[in-house]
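Open the model in your viewer and keep the sequence panel beside it. We'll go from selection to selection and look at what turns up at each stop.

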Amino acid sequence: MSTYRDFAHRGSARATVLKTIGTRERRSHLTAPRVPTVGIDIGGTKVMAGVVDADGVILEKIRTETPDKSKSPKVVEDTICELVLDLSDRHDVHAVGIGAAGWVDADRSKVLFAPHLAWRNEPLRDALSARLAVPVLVDNDANTAAWAEWRFGAGRGEDHLVMITLGTGIGGAILEDGQVKRGKYGVAGEFGHMQVVPGGHRCPCGNRGCWEQYSSGNALVREARELAAADSPVAYSLIDRVGGNVGDITGPIITELAREGDAMCIELFQDIGQWLGVGIANLAAALDPSCFVIGGGVSAADDLLIRPARDAFRRHLTGRGYRPEARIVKAQLGPEAGMVGAADLARLVARRFRRANRRRVERHERYERYAQAIRNSSTARPTQEP
């Protein structure tokens with residue numbers, strides 16, 4: 001009997017410990033120091049840096065062009081350091097978070113591959129930490145954007161969230177119980193390269209029929225340019241808008257015409273949205289989240305894109321009619337989401353910097369007390385002689 005009681009006691013104590021650990025992990029962002037940190041968002045054309053407070057408010061933001069990808073990695077590091085040092089002149093920076101468009105390893109220390117920059121197994125975290133003398137965190141830009149939307153935007157209050165970023169391609173991220181799921185090797189969330197059309201359009205990744213070839217900014221522009229190049233009657237408004245220069249057709253121009261009621265541009269968004277809904281239904285079958293947050297530049301089309309995506313999602317969802325449906329919502333934080341998320345994630349490592357500073361101050365104070373005691377002793381000694 002005593003053996004059973006001992007076993008039961010140990011089991012309950014272990015459960016209590018595990019529950020406590022789990023609670024601490026889920027609430028770690030709430031216990032992070034409320035200090036300003038810098039977030040960096042590195043894309044193919046721009047590097048954006050901002051000082052962000054603990055409530056996700058951007059205190060100051062600056063940006064510059066991304067160095068050409070033929071340049072050495074050190075050129076990009078120099079650019080990042082210049083932005084951080086510039087902001088540090090006016091703000092007390094405790095940590096730096098970087099959201100990079102590329103694959104980041106599970107330790108969040110190396111950029112394994114970046115399509116727009118010359119980063120291949122680049123030890124970015126350690127290189128920047130040594131130069132900036134503050135903790136540095138590196139993560140995929142979709143992960144940082146998803147974190148920001150979960151903390152401060154459209155995903156607040158969700159326990160299981162999937163973010164899809166629609167830009168030139170498709171990126172993504174998974175959050176469960178307040179944790180970004182990065183996978184064994186750190187490269188989870190590359191939803192854009194799920195195959196949806198066997199033998200379909202060739203993708204820059206080398207495969208055919210990837211999801212991002214049918215639902216992304218590139219897909220939208222490709223379809224519009226093909227119609228314009230064929231001198232299709234339905235594309236006359238678009239051709240007139242760019243003065244006959246098909247190469248000048250861009251996503252924002254298509255979005256503008258669609259909002260003005262151009263039938264062809266509206267139809268293009270319906271096509272993109274339908275493919276988006278198909279992919280979301282596939283992700284729901286695999287991950288079963290409570291919410292999908294749609295971000296990226298293409299999401300600026302609002303209901304032109306989101307409404308057909310919701311319709312297609314409901315048509316293709318496995319077990320439709322007999323299961324709860326995840327919400328599909330537009331991201332709220334816009335193009336700053338990656339920067340805000342990177343800064344907030346960096347706040348979790350800022351405590352290391354604060355502890356090191358505190359230890360340094362304590363050592364200095366101990367040394368000063370010791371030195372003062374020596375000075376007092378040497379001053380008092382002559383007075384004791386006869």
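How many disulfides does a search of the whole structure find? The count is 0. Keep in mind that this is a predicted model.

**Stop 1: the cysteines**

Select C203 and C205 and show their side chains. For C203, the closest cysteine sulfur is the one in C205, 3.6 Å away. A disulfide needs the two sulfur atoms within 2.5 Å, so at 3.6 Å this pair is too far apart for a bond. Now turn on a surface. Is C203 buried or exposed? C203 is buried, with a relative accessible area of 2%. C205, on the other hand, is partly exposed at 40%.

**Stop 2: colour by confidence**

Switch to pLDDT colouring. The chain averages 85, and 84% of its residues reach 70 or more. Then select residues 1–27, where the pLDDT is below 50. Apart from near neighbours in sequence, that stretch has 3 contacts in the model. You may want to hide residues 1–27 for the rest of the tour.

**Stop 3: strand β4, covered on both sides**

Select residues 96–100, which make up β4. How many of its 5 residues are buried? The answer is 5. Show the residues as sticks and look at the two faces in turn. On one side sit V96, I98 and A100, and on the other G97 and G99, all of them buried. That split follows a familiar pattern: in a regular strand the side chains alternate between the two faces of the sheet.

Next, add the strands that pair with β4. Residues 37–42 are β1, which pairs with β4 in the parallel sense over 5 bridges. For a landmark, pick I40, whose bridge partner in β4 is I98. Then add residues 136–140, strand β8, which is also parallel to β4, again over 5 bridges. Here the pair to label is G99 opposite D139.

**Stop 4: a three-stranded sheet**

Move on to the open sheet of 3 strands, in the order β5-β6-β7, with antiparallel pairing. Its edges are β5 (103–104) and β7 (120–122), each pairing on one side only. Zoom in on β5 and β6 (residues 111–113): 2 bridges join them. V104 stands opposite V111 there.

While you're here, click on S109, in the loop between β5 and β6. S109 is buried, with a relative accessible area of 10%. What is S109 in contact with, leaving aside neighbours within four places in sequence? Select E122, P123, L124 and R125 to see those contacts.

**Stop 5: the five-stranded sheet**

Now for another open sheet, this one with 5 strands in the order β11-β10-β9-β12-β13 and mixed pairing. Which strands are at the edges? They are β11 (179–180) and β13 (327–330), each of which pairs on one side only. Select residues 160–166 (β9) and 170–176 (β10) together: these strands run antiparallel and are joined by 7 bridges. A handy pair to label is H160, opposite E176 in β10.

Bring in the helices next. Select residues 141–152 for helix α5, which packs on the sheet and touches β9, β10, β11 and β12 (291–295). Its direction makes about 50° with that of β10. Then select residues 303–316, helix α10, lying across β9, β12 and β13. Relative to β13, α10 runs at about 165°.

**Stop 6: two positive phi values**

For the last stop, check the backbone torsions on either side of β12. Start with D288, in the loop between α9 (263–287) and β12. What is the phi of D288? The value is near 50°, which is positive in a residue other than glycine. D288 is partly exposed, with a relative accessible area of 49%.

Now jump to D302, in the loop between β12 and α10. D302 isn't a glycine either, but its phi is positive, at about 55°. Put the surface back on and you'll find D302 partly exposed, with a relative accessible area of 29%.

Note on methods:
Residues are numbered from 1 along each chain as its sequence is written. This is a predicted model: local features need pLDDT of at least 70, side-chain atom pairs count only at pLDDT 80 or more; totals for chains, interfaces and linings use all residues. Side-chain values use heavy atoms; hydrogens and water are left out. Two strands pair if DSSP finds at least two bridges between them. Helices (H or I, at least four residues) and strands (E, at least two) are DSSP runs, numbered from the N terminus. Contact means heavy atoms within 4.5 Å. Axes are lines fitted to C-alpha atoms, for helices over the stretch in contact, and angles run from 0 to 180 degrees between N-to-C directions. Buried means under 20% relative accessible area, exposed over 50%, partly exposed in between (1.4 Å probe, protein chains only). pLDDT is the predictor's confidence in each residue, from 0 to 100.
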